[in-house]
Amino acid sequence: MSYSLTINGQVRELDVDGDMPLLWAVRDHLELIGTKFGCGIAQCGACTVMVDGQAQRSCMLTVDAAAGSEIITIEGLQSREGQAVQKAWEQGQVAQCGYCQSGQVMSAAALLAQNPTPDDAAIDDAMAGNLCRCGTYGRIREGIRMAAADIRRSEGDA
Amino acid sequence: MMRRVTENACDSLNAGRRSFLKLSASTAAGLVLGIQLGGVSASEARTGEEGTEDLLTFNAFVSISPDNRVRILIKHLEMGQGVYTGLATCVAEELDAAWDQVVCEHAPVNTEKYANLLMGQQATGGSTAMANSYRQMREAGAAARAMLVAAAAERWRVPADEIAVQEGRVSHGSRSATFGDLASAAGQLSAPDADTLTLKGPADFRLIGRDSLPRKDVGKQDGTAVYTQDVKLPGMVTAMVAHPPRFGGRVASFDDTSARQRKGVIDVFEIDSGVAVVAEDYWSALKAREQLEIDWDDSGAEMRGSRQILDEYHQLVETEGVVAESEGDTEAALQQASEVTELTFEFPYLAHAQMEPMNCVARIDGSQAELWYGCQSATRDQQVVAEMIDGSPEDVTIHTVFAGGGFGRRANPHSDYVVEAVNIARRLQGQPVKLVWSREDDMRGGYYRPAYVHRLSAAVGRSGMPDAFRARIAGQSIMAGTSMAAGMITDGIDHSSVEGLAGFPYAVPQRRVELHSPVVGVPVQWWRSVGNTHTAFSKEVLIDTLARQADADPVSYRLALLRDNPRETAVLQLAAEKAGWGSRELPEGRALGVAVHTSFGSSVAEIAEVSVDGDQFRVERVVAAIDCGTAVNPDVIRAQVEGAIAYGLSAALGDELTLTDGVVDQDNFHNYRVLRMPDMPVVETHILPSTNAPSGVGEPGTPPIAPAVANALTAATGRTFTRLPLRLG
């Protein structure tokens, strides 16, 4: 069946079964490979994308359900929060193997968009669905704090 | 001699760039130096396609392009441990390159040039990447520097020893040139002999030891880094395999009628390891696989459950095993002692559960094989594939890409996932295929950290210090049945089963370590820190128990027994000081626990602070001290210690793989419970200053964490914890 998906501000047409998860649609059919496959059952967060501004696991969201929404993948993450998170990730040398980090960045950016000043409990709560087997959790926490501070600073300058 | 070598890994992904590597001549140390241009001139070498820049190769590791980029080939797999950054630091240090002009790529597979000097084959593991490369990479940098200096000396007609090199610039008086300016001329000079090179002393280091040097494994926060899962080739298809539910099971018969009707399915066929489904994409392959009807033949399968297997191990430790190490008459000392402390430990099977499930891209074209994946055991995988295609290693090209975690799994002793990919690819002659395991396939795919039972017995003298110590270990040998068995198993002892308890660091006059290595049909493999994953736990819980029985402070008690072990003494003292051991008032419900262990040449002490509330507990903070010799990249070392602690803590708190009637009970992250962010403690890592040669960093942080937490729980509750994962309730 033919679907139109709005991804990273572009309308993309694709002909796939409606029950195909968005993850496989973007990876196998739209050449957007930054979104990662980790578990297929929304338990690890590696496939996190933004759907209408909310962090969602694309491995359990069907193309059928995603059609009509604004989808942002790591390739299209240009929000202020997203940029601040990526900068903080780089400065804090967060990534190790890096496989989970697209998902971590998306979850962190979504968190900061909704809560610009998360405390540690809010960070843990928002990020609990994103696994990292390299154990970069401490640096992710610090990266989110840095990004939040960075955004506050830039607002102060404005 | 001039050899043209087509490009490696990343280049085939960034198709279009073509460079010529000009290589040759290896020294006894394994350092490959020298460029002899032979019949090809530098200008010819520069005629790359699409006007992209070309690289002038100075040696097997260093190339410099006219646009001033220094490319370093990394002979080890980058799987998050920071090996790109580490090896590049060593090269750039001696080359006096500017850090931002350096880029890294995985080296091709070439055992002669890129062997791990501690293993004799191209392979990444055992926390040896820096230890084996430290001198080799510095020599590679120094050799390239000498060639640039010689070229400048010739151009400017000045003595070479008057030329300075700094931050990527070669200068003499008012004249200066970039590396790129000199690359063509330097590339035509012959390489210096390794023994003519002078390496810097630590006082002159400007990159080695510098904190927070930006990492070279870039593209990981913006989704552009390429892993096996991301490799896409023209005409590539996706394959999945239905594996037998039990280890050792085989396909009896199968019906693929409805699977073949699924849209996007290209082929279905049986291979050694199961039934392969080849399709246009992952989703089609997955859905078609669900349609397969397979009868399995379990006649050769392991039918036992993990409880039964462990119960058998408990029986085994009642009996004498093969003696791995013996000092004095331990048996007599234990029999004559008025009191013997005896603890029995139990450890489950563990999955690696790296974030990227196993996968491999392969194309077999006649007698040539080409593979793309996070390749950890390059020489072995290449040999295995060569045998499969009736060819030689030269017929097998491997392009190494980043691995989404490894923790041991990608260095499979039987190249299991590589063999499976090749078995599929050779049915599709010429067409590239990506084998993808689902998370369920990965979790149930075997090659686990083996389950073990330990029985530790200690006789304590009047001083409260142990007089005699005996360990009996029961569990599968990782090395048995592998190509490493000959080297790793001596007199019936797989050293990886006893390491950590054998070579007991504490001064106990009479010691004996025995091993039972039962044969079980569950495939096993090394898992971050290998035997130390279990031996450090029983050793450190036993010592803590003895300290408490002697009414002694656990740190002081250890220090007394470590009087002949200055490295463990130093890290233990450093961690204790930084954690405020014995000097800090702890809030109600909190307690500290300590453990120290040496593995992969490095000593690590960890002090865990736990909070206990009823039958719940949380690890709040961990203070670690590591002696890993020269700290090449302090921030990478801290990151590895943090990660090693998280990985070990995951096993201490939740990881447990069980089998019922031979079938693995867990299949994904909802029932195989790995560490999540809310359970991550604050980790503080202190690096002992050292000018010794670098030793392991990736693994040594893992062993101490589980016993440190167990000992903290003992301090809080008075109970002794002898089973992982830890449970209060």
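User: A residue is buried if 20 or more other C-beta atoms lie within 10 Å of its own, exposed if 12 or fewer, and partly exposed in between. Going by that, which residues of α8(B) are buried?

Analyst: This is a predicted model, and in it the buried residues of α8(B) are Y282(B), W283(B), S284(B), A285(B), L286(B), K287(B), A288(B) and R289(B). That is 8 of the 10 residues of the helix, which runs from 282 to 291, so α8(B) is largely enclosed by the rest of the structure.

User: What do those buried residues pack against?

Analyst: One partner is in the other chain: α1 of chain A. The others are in chain B, namely β8 (237–242), α7 (257–261), β10 (265–271), β11 (274–279) and β18 (433–436).

User: OK, so the chains touch. How many residues does each chain put into the contact?

Analyst: Chain A gives 42 residues and chain B gives 43 residues. On the side of chain A, the elements that give two or more residues are α1 (22–29), α3 (80–91), α4 (101–114), α5 (120–127) and α6 (137–157).

User: And how does that side of chain A divide by residue class?

Analyst: There are 23 nonpolar, 13 polar and 6 charged residues on the side of chain A that touches chain B.

User: Stay with chain A. How many helices and strands does it have?

Analyst: Chain A has 6 helices and 5 strands. Along the sequence they come in the pattern β-β-α-β-β-α-β-α-α-α-α. The radius of gyration is 15 Å, close to the 15 Å given by the globule rule for 158 residues, so chain A is as compact as a globular protein of that length. Along its principal axes, the C-alpha trace spans about 45 × 35 × 25 Å.

User: What share of its residues is buried?

Analyst: In chain A, 59% of the 158 residues count as buried.

User: Same questions for chain B, then. How many helices and strands are there?

Analyst: Chain B has 20 helices and 29 strands. Its C-alpha atoms fill a box of roughly 85 × 70 × 45 Å along the principal axes. A compact globule of 729 residues would have a radius of gyration near 27 Å, and chain B agrees with 27 Å. Of its residues, 56% count as buried. Among contacts with a separation of 6 or more in chain B, 76% join residues 24 or more positions apart.

User: Which residues have the most contacts inside the largest nonpolar core?

Analyst: They are I72(B), V91(B), A239(B), V277(B) and V709(B), in a core of 278 residues. Helix α5 (residues 129–156) of chain B supplies the largest share of this core, 15 residues.

User: Pick V91(B). What does it touch?

Analyst: Leaving out residues up to four places away in sequence, V91(B) touches F61(B), V62(B), I72(B), M137(B), A140(B) and G141(B). V91(B) is one of the residues of α3(B) that meet α5(B), and M137(B), A140(B) and G141(B) are among those on the α5(B) side.

User: At what angle do α3(B) and α5(B) pack?

Analyst: The angle is about 35°, and the axes are 7 Å apart. The crossing is right-handed. By class, this contact has 13 nonpolar, 3 polar and 4 charged residues.

User: New topic, backbone oddities. Which peptide bond is cis, with omega near -5°?

Analyst: The one from L724(B) to P725(B). P725(B) lies in the segment after α20 (705–717) of chain B.

User: What is the phi of A353(B)?

Analyst: It is positive, about 50°, although A353(B) is not a glycine. A353(B) is in the loop between β14 (340–347) and β15 (359–365) of chain B. It has 27 C-beta neighbours inside 10 Å, so A353(B) counts as buried.

User: And what about phi of D661(B)?

Analyst: The phi of D661(B) is near 50°, also a positive value in a residue other than glycine. D661(B) sits in the loop between β27 (659–660) and β28 (663–664) of chain B. With 13 C-beta neighbours inside 10 Å, D661(B) counts as partly exposed.

User: Last one: why is P214(B) counted the way it is?

Analyst: P214(B) counts as exposed because it has 12 C-beta neighbours inside 10 Å, and the cut-off for exposed is 12 or fewer. P214(B) lies in the loop between α6 (179–186) and β8 of chain B. From P214(B) to A239(B) is 25 residues in sequence and 37 Å in space, C-alpha to C-alpha.

Technical notes. Residues are numbered from 1 along each chain as its sequence is written. Chains are lettered from A and ligands numbered from 1 in the order in which they are written. This is a predicted model: local features need pLDDT of at least 70, side-chain atom pairs count only at pLDDT 80 or more; totals for chains, interfaces and linings use all residues. Two residues are in contact if their C-beta atoms, placed from the backbone, lie within 7 Å. Helices (H or I, at least four residues) and strands (E, at least two) are DSSP runs, numbered from the N terminus. Ala, Val, Leu, Ile, Met, Phe, Trp, Tyr, Cys and Pro count as nonpolar, Asp, Glu, Lys and Arg as charged, and the others, Gly among them, as polar. A nonpolar core is a set of buried Ala, Val, Leu, Ile, Met, Phe, Trp, Tyr and Cys residues joined through C-beta atoms within 7 Å. Axes are lines fitted to C-alpha atoms, for helices over the stretch in contact, and angles run from 0 to 180 degrees between N-to-C directions. A crossing is left-handed if the near helix is turned anticlockwise from the far one by less than a right angle, and right-handed if clockwise. The radius of gyration is taken over C-alpha atoms; the globule rule is 2.2 Å times the number of residues to the power 0.38.
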